[in-house]
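Q: I'd like to learn how to read the contacts between chains and between domains. Can we walk through an example together?

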Amino acid sequence: MAFLELRDVSVSFSGFLAVDQVSLSVEKGETRVVIGPNGAGKTTIIDMITGKTAPTSGKVFLGGADITGCSPHEIAGKYKVGRKFQGPNLFDFLSVYENVEVALAGHSSVLKTFLYRKNKSIADEIKTILEQINLYGKRDVISTSLSHGERQWLEMGMVIAQKPQLITLDEPTAGMTADETYKTGEMIKTMMKDKTVIVVEHDIDFVEQIAETVTVLHQGKVLAEGTFAEVKRNPKVVQVYLKDDDEEVA
Amino acid sequence: MMKEMKNIGWDKYIDVLLFAFLIGFPLVGSLFRVEMMSKCIVYIIFALSLDILWGSAGLMNLGQAMFFGLGGYVLALSYAARDGVPAFMAGFGVTEVPWFMQILQNTPLAVLLGMVVPGVVAGLLGYFIFTSKVKGVFFNIITLSLASLIEMFFNNQQKYTGGANGISGLPPITIGSEPLSITAHYYLMLAVGVLVYLFCRWLTHSRFGMILRSVRDNESRLQFLGFNPAAFKLTIFVISGMIAGLSGMLYIPIHSFISPGNIGVAFSTSVLVWLAVGGRGNLTGAMVGAFLITWMESLLSEQFENVWLLLLGAAMLAVVMFFPKGLVGTLLDWQYNRKIDRQMGLVQTDDSVELRESDFATAKGKV
Amino acid sequence: MELLISQSINGLSVSAMLFITALGLVIIFGLMDVVNMAHGEFIMIGAYVTYFVTTVFHFPFLVAMLSAFLVTALLGIVIEVTLIKRLYGKVAETLLATFALSIILQQLVRMAFGPEDKFVGLPMEGSFSLQGIVIPHYNVFLIAVALGILAATLALFYKTGFGMQLRAVTKNRSMAQCLGVNTARIDTLTFACGSGLAGLAGALIAPVKSVMPSMGSYYIVDGFLTVVLGGFASIAGTAASSVVISESVTVMAGYISEITAKVLVFLIIIVLIRFKPEGLFTSEKR
């Protein structure tokens, strides 16, 4: 079994089949990018992996364990899955430093929060992460005061702080400039080098920059899978993207 | 030094001032006023119990008085049963002390139970509410309903609770057989008050407190970081209930009397008003609100009871509409916004900050 | 057995009163997402209007019902425009503001008319006797009125333009605005509707329960619990849960004290909601 495995997973919302018998296998340490037109079911797949939505049928396995239908905090805490949301989703009224501090792995049970003391090793841990995301200089700034791109990076830093074994990134470059996008790609490649990462994305250049394997979704089903070059040449994928353009023109 | 002092929230200054005033008060106040101030301190503790729940975790308990009253009644029943069957029960033909009061005849145990009973009620109630996927406003409705029902229940069960007349003739605190003097009693209340304040301060400044506020601000984000929000809400609810129960017990020696009015909706409304007017989430607002309003009430309400209530309602309305964070909250807000402005380089401070191009790219954060 | 039957039948009239109370709440709360803590006071005002119209000025009861509806609806408009609109979206503030309002209204009435009970006579005396079971005429009247209101409300919501606009606003406010719906006016009218219904409930309650400044607080608790059990936004659900709750309490009250019955029902509701948070009667999850 692969490290992350979805087996014939389907989700239906009041009759609407958002995801239709999708099977996905991601190996440990792989960086998988999931692309597809809007409404293809990409975020829903992430929702099912992270526990926000339970599949109506099929199973999800992580590291051999069945995590189908588990609650989000169980998947995030016990199974160590980190999730970055589409718009930056942070604690608006905490500082950069505090945002990362909240996210630190290993201090999330009620008891642990009472016993927590910030010692040197914790301070070092936070400092390392802040430096990786280029925000150490702004560590006392309240997060609402940051620029959009910086907020995206902060959220990535929070995900890293969780020390996850699986990371899901939902459109991490949304709203970024070309320069910021490139920096983000490099960040992902360095910070998440040894981790298993699933990225949902739209920006084709970015996909090319980071992808090892690409999965294309369309209308809730897997359309194609392979390296970036393979997928780009795949006639079905071309047709789906071009066909959408045609419909708009007509 | 000045820069650091500027960064300390003004709430700490107000706290220090308040406690200094309270410590020195017996030196200037008459014994009558000192006794009134003792009652005020009990209310301050009660207000703190709601603040850690509402101000930190965002859980607006519309029936906080039920925990106050439960604690008070536990102690009252304990005192009443000390010498056998109490008078109000004997009047109904009860000849033996009922089972649930036999445990209470042991006073230290009763004091413990006065905190444990509200804690258990909070625990059970919280378990059902917080683990459910129901809307947030449900918490408000259920706490209001439960307080109302408990009040009606205590009113109704005259045989066991003294009914609408409550339980009276309760003794003051004694050392040996000597009751404490008014001043000594005052300082005892103040000591407990300071301890509760310090505990709440530690709680809200700990990581636990930070997570509570994050539950209030962005619960879903917290879930995906591995935290179980229901566990945190449940914990603070129980702690809040226990402190409220404690304040209910402290109420007994001063008033010698407890009635269903202390356990129901009206009293719950009072503490909500104190926090709405004073501000919540910073402990100071709760203390200031409780202090100011209970003092004004004791000064005005004897002569002008109806007008007083009307004024209170109007004042609360005005505060909610124009100063939604309460008096202290608005003050702290002002200080906080200045801090944000400084961070973005928009305010000239003594150590001039240069304006940076990138700072203007962001919308100014408004709390 | 006779006790059971007579309690069940009379429980229906209690259901009728509860339904009308809760209907106003479900409209405001369920559809507008506004918590009106002063709803109980609107009921109280409706009862006082009825007192003045019938006992003081000796007009017929139906006039009182109409007046109660109109007076509270008007009051609702004033409050919505001055208060609720400014706090739209802020749940805590709305709750507190309406809480303050309930204090103010109670005090004004208490200061103006005194704290004692006011007497409102039954508009119809006498009762039916069905196989030995006594059913007061007024109870039947209550049930008839409740059914009438249910039908009228459903018709309003599903058969009129206003109802359609209201449902559109509930489901997707910004879209409705884009389509030219005057959402501000819909809000005001909806709030007025809900308040008017509270006044009407007060009018109907006045002959059978004590009319005093603090009467509102009992009904608001019952009303909210009914709305919660029935699913927050379902009219039919509210009707069904009014019946379930009132019947349970009334039947049990034949054997144990009423307050104990209420506590039991409350506890059952809490446990039920834990497992079915969308209420007993809605199929749609919000």
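A: Sure, and let's start with a pair that stays apart: chain A and chain C do not touch, their nearest C-alpha atoms being 9 Å apart. Here two residues are in contact if their C-beta atoms, placed from the backbone, lie within 7 Å. Bear in mind that this is a predicted model, where local features need pLDDT of at least 70, side-chain atom pairs count only at pLDDT 80 or more, and totals for chains, interfaces and linings use all residues. Residues are numbered from 1 along each chain as its sequence is written, while chains are lettered from A and ligands numbered from 1 in the order in which they are written.

Q: Which chains have the most contacts among the 2 pairs that touch?
A: That's chains B and C. The contact involves 33 residues of chain C and 34 residues of chain B.

Q: Which elements of chain C give two or more residues to the side that touches chain B?
A: Elements here are DSSP runs, numbered from the N terminus: helices (H or I, at least four residues) and strands (E, at least two). On chain C, they are helix H4 (91-113), helix H9 (216-229) and helix H11 (258-275). H4(C) gives the most, with 15 residues.

Q: How do I read the class make-up of that side of chain C?
A: Ala, Val, Leu, Ile, Met, Phe, Trp, Tyr, Cys and Pro count as nonpolar, Asp, Glu, Lys and Arg as charged, and the others, Gly among them, as polar. The side of chain C that touches chain B has 25 nonpolar, 3 polar and 5 charged residues.

Q: How many residues does the contact between chain B and chain A take?
A: It takes 25 from chain B and 27 from chain A. On the chain B side, helix H11 (207-223), helix H12 (229-255) and helix H15 (326-343) each supply at least two residues, and H11(B) has the largest share, 9 residues. By class, that side of chain B has 11 nonpolar, 11 polar and 3 charged residues.

Q: What domains does chain B have?
A: Domain bounds come from an automatic or database domain assignment. For chain B it gives domain 1 (2-323) and domain 2 (325-367). Their contact takes 17 residues from domain 1 of chain B and 9 residues from domain 2 of chain B. On the domain 1 side, H14(B) contributes the largest share, 5 residues.
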